[in-house]
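Okay, thanks everyone, I'll keep this short. Have a look at the model on the screen and then I'll walk you through it.

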Amino acid sequence: MRSLYLFLAGKGQMGLDDDVVDVAAGTTIRVGQGVMRTWRCVPESPEPLRWLCIRGDGGPLPHHPDDAHRITDIPMPW
């Protein structure tokens with residue numbers, strides 16, 4: 001399932017597998033299936049990091065998406 005992230009406010013970073021991308025209001029990032037993703041607000045952000053995630057691949061979505069799980073066995077990219 002693909003996702004499109006639209007960052008609405010704040011400044012931060014998004015980790016995509018081993019890559020780190022700086023994000024701020026207006027940044028959009030498309031993420032493919034199977035890509036580990038994480039994000040954080042940076043300390044100098046003027047406000048909390050807010051984003052909207054749009055998910056889909058043309059097929060029906062489950063009532064509660066069940067394709068995500070918390071990753072605890074690999075370090076975050078920062």
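So, C41: buried or exposed? Neither one, as it turns out: C41 has a relative accessibility of 37%, and since buried means under 20% and exposed means over 50%, that counts as partly exposed. And before anyone takes that number too far, this is a predicted model. C53 gets the label partly exposed too, at 32% relative accessibility.

With cysteines on the table, how many disulfides do we count? Zero. The rule there asks for a pair of cysteine sulfur atoms within 2.5 Å. Just to be clear on the chemistry, a disulfide is a covalent bond between the sulfur atoms of two cysteines.

Now the sheets. C41 takes us to β5, which spans 37-41. That strand belongs to an open sheet of three strands, ordered β3-β2-β5, and the pairing is antiparallel. β5 is an edge strand, and so is β3, residues 19-24: each of them pairs on one side only. From one strand to the next, the twist here averages 25 degrees.

Let me zoom in on β2, residues 11-16. It runs antiparallel to β3, and six bridges join the two. If you want a residue pair to click on, try G15: its bridge partner in β3 is V20.

Then C53, which falls within β6, residues 50-56. Which order do the strands take in that sheet? It goes β4-β1-β6, again an open sheet of three strands with antiparallel pairing. At the edges we have β4, 28-31, and β6; each has a single partner strand, so one side of each is left without a neighbour in the sheet. The twist in this one averages 20 degrees from one strand to the next.

β1, residues 2-9, pairs with β4 in the antiparallel sense, over four bridges. The pair to look at here is S3, whose bridge partner in β4 is V31.

Last thing, the surface. Which residues form the nonpolar patch? They're L4, L8, L52 and I54, and together they have about 330 Å² of accessible area. The elements giving two or more residues to that patch are β1 and β6. Take L8 as an example. It lies in strand β1, and its relative accessible area is 44%, so we call it partly exposed.

Right, that's my tour. Happy to pull up any of those residues again if you want to look at them.

Notes:
Residues are numbered from 1 along each chain as its sequence is written. This is a predicted model: local features need pLDDT of at least 70, side-chain atom pairs count only at pLDDT 80 or more; totals for chains, interfaces and linings use all residues. Side-chain values use heavy atoms; hydrogens and water are left out. Two strands pair if DSSP finds at least two bridges between them. Axes are lines fitted to C-alpha atoms, for helices over the stretch in contact, and angles run from 0 to 180 degrees between N-to-C directions. Patches are made of residues with over 30% relative accessible area and no salt bridge: like charges are joined within 9 Å, nonpolar side chains (Val, Leu, Ile, Met, Phe, Trp, Tyr) within 5 Å. Accessible areas come from the Shrake-Rupley method with a 1.4 Å probe; for residues, only the protein chains shown count as cover. A salt bridge is a side-chain nitrogen of Lys or Arg within 4 Å of a carboxyl oxygen of Asp or Glu. Buried means under 20% relative accessible area, exposed over 50%, partly exposed in between (1.4 Å probe, protein chains only).
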